[in-house]
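Got your viewer open? Let's take a walk through this structure together, one selection after another.

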Amino acid sequence: MRDHLYLFFFMIQFSSGCILSDEQQTIEITGYTGGSVVLPCSCAHPQSTANTFTWLYYGNGKQWIPVFEDEEYSSRRVLFNESSPQNLSLLISDLRKEDEGYYQCKTEQSTYIHLIVKGCDLVQNTEKLNEVTGYAGESVVLPCSCSELLAKPEQIRWIYYLEKTTKEIYPNEKSERHKNRVKLLNQTSPGNLSLHISALTAEDEGDYACSVSSQKVYFRLHVEVTLGTENPHIHTSISLSTLQPSHQTQELPPAQQPHDTSQYVFILLGVILSVLLLALLAFIYWRCRGGRNVKTVIRDEEELNREQDNQDDVTYSAVVHVKTAATPAHIESDPAEHTEYAPIKVKR
């Protein structure tokens, strides 16, 4: 009896068609321009199948329009029910700003989805001029990005102002001087629209603009030519100016660049330290050499004194004893018999 009841309830549910999981609810979904989004809709029971269903969009005409009949979605929508009958979700690719609005998944019941599409709004101030400095032979980056890094702009253009004319350098390289030297830095972030210029030359100096829809950010690039640069590096400095680009009315004034003196300071310190080190080594060498000479002279003098001390010069002097009273005058005596010799030691 219980088995029959289960079969009865199953046949009632199956015959009633697809009961939506989020019946009479409004779901909010966020997408980004250039990306994809899935609008979820499915049957609550995995074994049920929708007899009929459709997707509707609440268009600008203030009425519900079938999505599959709209040419805007002809090549940009995919249904999942072909592989999973109970999955009625809708995939919309290459999102655009006009895709934003309300959608309805309608079977026997309905589920509503509010789709919000975030586009590209430039981060930089469009009313001020950004000054960038680069060096000849190196690379430079002109920064430009969307407030939403996941949002891909529908159209992005980089423009170079040459005198009173404009040249597009990205995506169509209409300027020969920039050909094969420019690229975008958006490999991982679609909203990063920064322009990389390699092998800078003095001719690259001038005004540039990052253009997205009706928004533009202006840059003034200064290129400094340096001699003897062996280690190229990317050097970018940005400052905001209240001046608007004046490429159409007058020539651009040359930029005043700060002088980098740190390199010269390090070189000067190195020279001073080298001179001091050489002077110290010369002083030490002189002291050591002078000390050895003094010791040699002292040692020679000491040896000479010792030799002189060991040598004795002996001088003999004669002492004569004369007797005057006891000896008669007629008697002659020989002086040699009364002469004595005494040695005297003399030191030098």
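Before you click anything, one term: a disulfide is a pair of cysteine sulfur atoms within 2.5 Å. In chemical terms, a disulfide is a covalent bond between the sulfur atoms of two cysteines. Keep in mind too that you're looking at a predicted model.

**Stop 1: the disulfides**

Select Cys41 and Cys105. A disulfide joins these two, with 2.0 Å from S to S. Look along the S-S bond: the angle about it is -70°, and the link of Cys41 and Cys105 is left-handed. Now zoom out a bit. Cys41 sits in the loop between β2 and β3, while Cys105 belongs to strand β7, so to speak a link between distant parts of the chain, 64 residues apart. Are Cys41 and Cys105 buried or exposed? Both of them are buried.

Next, pick Cys18 and Cys43. Their sulfur atoms are 1.8 Å apart, and they form a disulfide. This link is left-handed as well, with -120° about the S-S bond. You'll find Cys18 in the loop between α1 (2-15) and β1, and Cys43 in the loop between β2 (37-39) and β3 (54-58), 25 residues apart. Cys18 has 0% relative accessibility and counts as buried; Cys43, at 6%, is buried too.

Then jump to Cys144 and Cys210, joined by a disulfide with 2.2 Å from S to S. The torsion about their S-S bond is about -70°, so this disulfide is left-handed. Cys144 is in the loop between β10 and β11, and Cys210 is in strand β15 (residues 206-212), 66 residues away along the chain.

How many disulfides does a search of the whole structure find? It finds four. Count the bonded cysteines along the chain and you get the pattern 1-3, 2-4, 5-7, 6-8.

**Stop 2: strand β8 and its partners**

Colour residues 110-118, which make up strand β8. On one side of the pairing list is strand β1 (residues 26-32), which pairs with β8 in the parallel sense over seven bridges. Find Tyr32: its bridge partner in β8 is Lys118.

Now add strand β7 (residues 101-106), which pairs with β8 in the antiparallel sense over six bridges. Here Lys106 has Ser110 as its bridge partner. β7 and β8 form a hairpin, with three residues between them.

**Stop 3: charged pairs**

Side chains of opposite charge can pair when their charged atoms come close. The structure holds six salt bridges, so let's visit some of them.

Stay with Lys118 and add Glu148: they form a salt bridge, and their closest N and O atoms are 3.9 Å apart. Lys118 lies in strand β8 and Glu148 in the loop between β10 (140-142) and β11 (156-162), so the pair ties together parts that are 30 residues apart in sequence. Lys118 is partly exposed, at 33% relative accessible area, and Glu148 is partly exposed at 25%.

Select Arg76 and Asp99 next. This salt bridge has its closest N and O atoms 2.9 Å apart. Arg76 is in the loop between β4 (64-66) and β5 (77-79), and Asp99 is in the loop between β6 (90-92) and β7, so the pair ties together parts 23 residues apart in sequence. Arg76 and Asp99 are buried.

Finish at Glu168 and Arg157, a salt bridge with 3.3 Å between the closest N and O atoms. Glu168 counts as buried at 8% relative accessibility, whereas Arg157 counts as partly exposed at 28%.

Notes:
Residues are numbered from 1 along each chain as its sequence is written. This is a predicted model: local features need pLDDT of at least 70, side-chain atom pairs count only at pLDDT 80 or more; totals for chains, interfaces and linings use all residues. Side-chain values use heavy atoms; hydrogens and water are left out. Two strands pair if DSSP finds at least two bridges between them. Helices (H or I, at least four residues) and strands (E, at least two) are DSSP runs, numbered from the N terminus. A salt bridge is a side-chain nitrogen of Lys or Arg within 4 Å of a carboxyl oxygen of Asp or Glu. Buried means under 20% relative accessible area, exposed over 50%, partly exposed in between (1.4 Å probe, protein chains only).
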